[in-house]
Amino acid sequence: MTDEEIRQAVAADVAAVKSVTDAAYRHYIERIGVVPQPMEADHAANVAAGRVFVTGEPVVGLVVVEEYADHLYLDNIAVHPDAHGRGVGGRLLRFVDARARARGLAEVRLYTNAMMWENQKIYPRYGYEVVERRVDGPYDRVHYRKRLD
């Protein structure tokens with residue numbers, strides 16, 4: 001696998017998925033005051049369910065997606081800090097769009113914590129629009145969608 005390819009994760013990738021997710025989100029703990037939800041995900045279950053796709057050898061980025069009748073939900077996107085600035089996140093976002101289109105879905109949805117302001121600058125550049133801001137338990141979230149034409 002080249003660093004450009006994106007493949008479905010397998011059981012052997014679970015440790016790398018956890019490691020990349022933790023590295024990508026760890027710095028937010030102090031800022032938001034709670035452990036970001038992706039860090040607490042059941043990575044093994046997500047991989048076993050076929051929801052995780054990875055890139056890099058070793059793994060430097062990943063997405064976790066869930067398919068619904070009317071949209072693809074981007075549950076998590078994580079890029080290891082050592083890979084920032086190399087286009088990994090953009091490739092992963094384009095992969096999510098292509099996966100939704102291939103499944104005949106017209107929309108991708110996601111949310112980010114309101115305190116993760118870096119993300120709020122990134123998603124609009126990739127065609128996402130804010131739908132709402134909502135507090136879910138300890139998380140203040142900004143919800144986005146991207147309509148695929």
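What covers the buried residues of helix 1? The cover includes helix 2 (28–32), helix 3 (43–48), strand 2 (52–55), strand 3 (61–67) and strand 4 (72–79). This is a predicted model. The points below take up two helices, two pockets, two nonpolar cores and one loop residue.

**Helix 1**
- Helix 1 runs over residues 14–25 and has 12 residues.
- At 1.5 Å a residue, helix 1 should span 16 Å; its end C-alpha atoms are 17 Å apart, which agrees.
- Its buried residues are Val17, Val20, Thr21, Asp22, Ala23, Ala24 and Tyr25.
- Tyr25 comes back in the largest pocket, as one of the residues closest to the pocket centre.
- Val20 and Tyr25 both belong to a nonpolar core of 16 residues.

**Helix 4**
- Helix 4 covers residues 88–102.
- Helix 4 has 15 residues and reaches 21 Å from its first C-alpha to its last. That is close to the 21 Å expected at 1.5 Å a residue.
- Buried here are Val88, Gly90, Arg91, Leu92, Leu93, Phe95, Val96, Asp97 and Ala100.
- After helix 4 comes Gly104, with a positive phi near 75 degrees.

**The largest pocket**
- The volume of the largest pocket is about 840 Å³.
- Its lining holds 38 residues; Tyr25, Ile77, Ala78, Asn119 and Tyr123 are the closest to its centre.
- Seven elements each supply at least two lining residues: helix 1, helix 2, strand 4, helix 4, strand 5 (107–113), helix 5 (117–125) and strand 7 (139–147).
- Strand 4 gives the most, with seven residues.
- By type, the lining has 22 nonpolar, 11 polar and five charged residues.

**The second largest pocket**
- The second largest pocket has a volume of about 190 Å³.
- Residues from several parts of the chain line this pocket, among them His71, Tyr73, Glu107, Arg109, Val131, Arg134 and His143.
- Strand 5, strand 6 (129–136) and strand 7 each supply at least two of the lining residues.
- Strand 5 has the largest share, four residues.
- Here the lining divides into five nonpolar, two polar and five charged residues.

**The nonpolar cores**
- The largest nonpolar core has 24 residues. Val63, Leu74, Val96 and Tyr128 have the most contacts inside this core.
- Strand 3, strand 4, helix 4, strand 5 and strand 7 each supply at least two of its residues.
- Helix 4 gives the most to this core, with six residues.
- A second, separate core has 16 residues, including Ala9, Val20, Tyr25 and Leu62.
- Leaving out residues up to four places away in sequence, Tyr128 touches Leu74, Leu93, Asp97, Val108, Leu110, Tyr123, Tyr144, Arg145 and Lys146.
- Among these partners, Leu93 and Asp97 are buried residues of helix 4, while Leu110, Tyr144 and Arg145 help line the second largest pocket.

**A loop residue: Ala49**
- Ala49 sits in the loop between helix 3 and strand 2.
- Why does Ala49 count as partly exposed? Its relative accessibility is 46%, and partly exposed covers values between the buried limit of 20% and the exposed limit of 50%.
- Ala49 and Val10 are 39 residues apart in sequence. In space, their C-alpha atoms are 9.9 Å apart.

Definitions and conventions
Residues are numbered from 1 along each chain as its sequence is written. This is a predicted model: local features need pLDDT of at least 70, side-chain atom pairs count only at pLDDT 80 or more; totals for chains, interfaces and linings use all residues. Side-chain values use heavy atoms; hydrogens and water are left out. The expected span of a helix is 1.5 Å times one less than its number of residues. Buried means under 20% relative accessible area, exposed over 50%, partly exposed in between (1.4 Å probe, protein chains only). Contact means heavy atoms within 4.5 Å. On a 1 Å grid over the protein atoms alone, a cavity is a set of points where a 1.4 Å probe fits but cannot get out, and a pocket is an open set with protein on both sides within 12 Å along at least five of seven lines; lining residues have an atom within 4 Å of a point. Grid points are joined across faces, edges and corners, and a volume is the space filled by probe spheres set on the points. Ala, Val, Leu, Ile, Met, Phe, Trp, Tyr, Cys and Pro count as nonpolar, Asp, Glu, Lys and Arg as charged, and the others, Gly among them, as polar. A nonpolar core is a set of buried Ala, Val, Leu, Ile, Met, Phe, Trp, Tyr and Cys residues joined through side-chain atoms within 4.5 Å.
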